[in-house]
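Got the model open in your viewer? Here is a short walk through its ligand sites and a couple of backbone spots.

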Amino acid sequence: MHNLREIASNFDFRADFVHAHPYGSGHINDTYCAWFDQAGQRLRYIIQRINHNVFKQPVELMENVKRVTDFSLARLLEEGNPEARRRTLTVVPAHDGKPYAIGPDGSVWRAYPFIERARGYDELETNEQAYQAARAFGAFQNLAAGLTGPRLHETIPNFHNTPKRLEALQAAIQENAVNRLPEVAAEVEFAIVRAADCARITDLIAAGAIPERVTHNDTKLNNVLLDDVTAEGVCVIDLDTTMPGSALYDFGDMVRTAAPTTREDDTDLSKLDICLDRFESLVKGYLSTATFLNRAELVNLAFAGKLLTLECGIRFLTDYLQGDVYFKVKHPTHNLDRCRNQFAYVAAQERKMGQLEEIVGNF
Ligand code: ADP
Ligand code: GN1
Ligand code: MG
């Protein structure tokens, strides 16, 4: 456990630290909810340690986050949005004015005001929530399209380059670092026979048919906070991978996380399916704000769900073979459970691909 009081003392909170506790279910950063006293009023903030094993250049990452959040706030204020500071993350500066602070062990930390009266979901409850989440991510892409200035830093190069993810799996198979290969023959086979699928979007990008856009790249459902009362998408969070990418990666990851009938790590695969109503709500919500898509993007929306699920399964499998060095795990087979779940969900999408494409075609 880090000394959060000490970390917090680096930031310009203008309030007294009370206590902090670990928060959320993200797989990457160390996230804390920290309570402060400001003239007798209790306020909370999110304080996060950036995972520098995953993000090798945290300072550049924070440069991206600062640019995107400043731009977003400026737009909201221009529009006269009465809740501007609840509709975007805003970075709390450190005492030296930087958007981050360095902890005693050299780690990079940051702080955001806590977005109140809203939450992220690991699992959806209603179609309306799917609609609202997708609408918010589409609006985020729309906003990001207006960003001027230099290209954002690539915080993780080739993040959604699925052929490269498959190559990384093959390297992990060769290395078999922790001798888990014998357990995963079926999963390895499942991935390898889909090599052509892995290359479909990257080939279209290389051919110029699919444009580079500024995208979020981690649009899992719990990275958008929905209003507790209205379910409206209040704030898109987890901006660590906001960088050049394809709109299809964002839509695909929404399908991966918002349309399955189980959680990402559920081991009861008998009830795993894609929920067509949820998928339809995602398409409707996303297309209500992502109004800029070209033909090649539109015709690949349904495929993108399958691709991002396959890619994520490949990543979980690779991490399992490497000994759980990337994703946070709660038990030794967690990554394997996640991989099996994702691959079963790929198979479910393959079975229903005709229906999924028909739903997209109706819009
Ligand atoms: P990770 O990269 O580990 O997923 P996130 O930035 O997504 O880290 O944060 C983890 C969780 O913390 C989120 O899923 C969300 O529940 C919560 N969270 C993050 N930022 C905020 C915020 N500003 N207000 C409220 N909750 C937040
Ligand atoms: C990670 O950080 P989090 O939990 O929102 C991962 C995503 C994966 C996801 C799988 C930077 O997302 O790419 O799709 O886990 N983020 C990073 O649940 O690798
Ligand atoms: Mg997250």
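For the residue classes used on this tour, Ala, Val, Leu, Ile, Met, Phe, Trp, Tyr, Cys and Pro count as nonpolar, Asp, Glu, Lys and Arg as charged, and the others, Gly among them, as polar. Keep in mind as you click around that this is a predicted model.

**Stop 1: ligand 1**

Select ligand 1 and show what surrounds it: 18 residues, of which Asn29, Gln48, Ile115, Asn223 and Asp238 are the closest. Colour that shell by class and you get 10 nonpolar, 7 polar and 1 charged residues. Now colour by domain instead: domain 1 (4-115) and domain 2 (127-361) each give at least three residues to the shell around ligand 1. On the strand side, look at β3 (41-49) and β5 (108-113), each of which supplies at least two residues of this shell.

Time to zoom in on some polar contacts. A polar backbone atom of Asn29 sits 2.9 Å from an oxygen atom of ligand 1. Over at Pro113, a polar backbone atom is 3.1 Å from a nitrogen atom of the ligand. For a side-chain example, pick Asp238, where an N or O atom lies 3.0 Å from an oxygen atom of ligand 1. How much of ligand 1's accessible area does the protein cover? On its own ligand 1 has 550 Å², and the protein covers 94% of that.

**Stop 2: the magnesium ion**

Stay with Asp238 and bring up ligand 3, the magnesium ion. Its protein donors are Asp238 (OD) and Asn223 (OD1), at 2.2 to 2.3 Å from the ion. Trace the chain at each donor: Asn223 is in the loop between β7 (213-215) and β8 (224-227), while Asp238 is in the loop between β9 (233-236) and β10 (243-245), so the two donors tie together parts that are 15 residues apart in sequence.

Are these donors buried or partly exposed? Asn223 counts as buried, at 5% relative accessibility. Asp238 counts as partly exposed, at 24%.

**Stop 3: ligand 2**

Keep Asn223 selected and add ligand 2: a polar side-chain atom of Asn223 lies 3.0 Å from an oxygen atom of this ligand. Two other side chains to check are Lys220, with a polar atom 2.8 Å from an oxygen atom of ligand 2, and Arg315, with a polar atom 2.8 Å from an oxygen atom of the ligand. Taken alone, ligand 2 exposes 450 Å², and the protein buries 97% of that.

Widen the selection to the 17 residues around ligand 2, where His27, Lys220, Glu264, Arg315 and Tyr326 come nearest. By class, this shell has 7 nonpolar, 4 polar and 6 charged residues. Which helix should you highlight for the largest share of the shell? Go for α11 (residues 301-322), with 3 residues. Domain 1 (4-115) and domain 2 (127-361) each put at least three residues into the shell around ligand 2.

**Stop 4: two backbone spots**

Last, leave the ligands and look at phi. Most residues other than glycine have a negative phi. Select Asn179, in the loop between α5 (162-175) and α6 (185-192), and you'll find a positive phi near 60 degrees. Asn179 counts as exposed, at 54% relative accessibility.

Then jump to Ala231, in the loop between β8 and β9. Ala231 is not a glycine either, yet its phi is positive, about 70 degrees. Ala231 counts as buried, at 16% relative accessibility.

Notes
Residues are numbered from 1 along each chain as its sequence is written. Chains are lettered from A and ligands numbered from 1 in the order in which they are written. This is a predicted model: local features need pLDDT of at least 70, side-chain atom pairs count only at pLDDT 80 or more; totals for chains, interfaces and linings use all residues. Side-chain values use heavy atoms; hydrogens and water are left out. Donors are N, O and S atoms within 2.8 Å of the metal (3.2 Å for Na, K and Ca); water is not among the atoms, so sites may look incomplete. Helices (H or I, at least four residues) and strands (E, at least two) are DSSP runs, numbered from the N terminus. Buried means under 20% relative accessible area, exposed over 50%, partly exposed in between (1.4 Å probe, protein chains only). A residue is near a molecule or strand if one of its heavy atoms lies within 4 Å of it. A polar contact is a pair of N or O atoms within 3.5 Å; within protein, one must be able to donate a hydrogen and the other to accept it, and residues adjacent in sequence count only if both atoms are side-chain atoms. Accessible areas come from the Shrake-Rupley method with a 1.4 Å probe; for residues, only the protein chains shown count as cover. Domain bounds come from an automatic or database domain assignment.
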